[in-house]
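Hi,

Here is the structure I promised to pass on. Have a look at it first, and then read on for what turned up.

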Amino acid sequence: MKIQLPRPIAAYFEADRSCNSDAVAECFRPDAVVKDERKVHAGRASIRRWKADAATRFTYTVDPFAVETDEHGTTVTSHVTGNFPGSPVDLRYVFVLDGDSIAELEIVP
């Protein structure tokens with residue numbers, strides 16, 4: 001079943017799928033924040049480094065299978081498989097959007 005994602009979120013997953021850290025960073029506002037693995041990455045340069053580092057350390061695929069929007073943002077639940085500890089795992093990507101950009105992303109188990 002194919003799910004419909006808001007345009008900025010769909011662009012994020014497409015850029016991630018192509019291992020393009022520059023394109024991932026461009027999905028975010030200049031002052032955006034990503035929280036992942038108990039670390040905070042603030043600003044596009046930091047987000048670009050976070051994604052580039054993940055791509056060099058691990059090979060993985062992300063398959064979004066559920067989406068829910070509420071007053072806190074849009075949560076996309078995805079099945080993530082790769083060569084990282086704990087694989088495979090279902091993760092929740094909690095996005096806060098600002099127009100056509102991502103203002104915040106938190107990735108949680």
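A quick word on terms before the rings: I call a residue buried when its relative accessible area is under 20%. Keep in mind that this is a predicted model.

By that cut-off, Phe-13 and Phe-95 are both buried. There are seven aromatic pairs in the structure, and one of them joins Tyr-12 to Tyr-93. Their ring centres are 6.4 Å apart and the planes sit at 55 degrees, so this pair counts as tilted. Tyr-12 belongs to helix H1 (residues 7-17) and Tyr-93 to strand S5 (residues 89-98), so the pair ties together parts 81 residues apart in sequence. Neither tyrosine is left out in the open: Tyr-12 is buried with a relative accessible area of 0%, and Tyr-93 is buried with 5%.

Phe-13 and Phe-95 also pair up, edge-to-face, at 5.9 Å centre to centre with 70 degrees between the planes. Again distant parts of the chain are linked, with Phe-13 in helix H1 and Phe-95 in strand S5, 82 residues apart. Add Phe-28 and you have a cluster: ring pairs link Tyr-12, Phe-13, Phe-28, Tyr-93 and Phe-95.

Next, helix H3. With 14 residues (44-57) at 1.5 Å a residue, H3 should span 20 Å, and its end C-alpha atoms are 20 Å apart, which agrees. So which residues of H3 are buried? They are Ser-46, Ile-47, Trp-50, Lys-51 and Ala-54. These cover an arc of only 135 degrees around the axis, which puts them on the same side of H3. That fits the usual geometry: an α-helix has 3.6 residues a turn, so residues three or four places apart point the same way. On the face of H3 turned away from the buried side you'll find the exposed residues Arg-49 and Thr-56.

What do the buried residues of H3 pack against? Their partners are H1, helix H2 (21-26) and the strands S1 (28-36), S2 (39-42), S3 (60-70) and S6 (101-108). Within H3 itself, Lys-51 lies over the face of Trp-50, 4.4 Å from the ring centre.

Last, the hairpin. S3 and strand S4 (residues 73-82) pair in the antiparallel sense over 10 bridges, with two residues between the strands. Asp-70 stands opposite Gly-73 in S4.

Shout if you want to go through any of this together.

Cheers

Notes:
Residues numbered from 1 in each chain as written. Predicted model: local features only at pLDDT ≥ 70, side-chain atom pairs only at ≥ 80, totals over all residues. Heavy atoms only, no water. Phe/Tyr/Trp six-rings, centres within 6.5 Å; stacked < 30°, edge-to-face > 60°. Helix = DSSP H or I, 4+ residues; strand = E, 2+ residues; numbered from the N terminus. Buried < 20%, exposed > 50% of the residue type's maximum accessible area, 1.4 Å probe, protein only. Lys NZ or Arg CZ within 6 Å of the ring centre and 35° of its normal. Expected span 1.5 Å × (residues − 1). Arc of directions from axis to C-beta. Contact = heavy atoms within 4.5 Å. Pairing = 2+ DSSP bridges.
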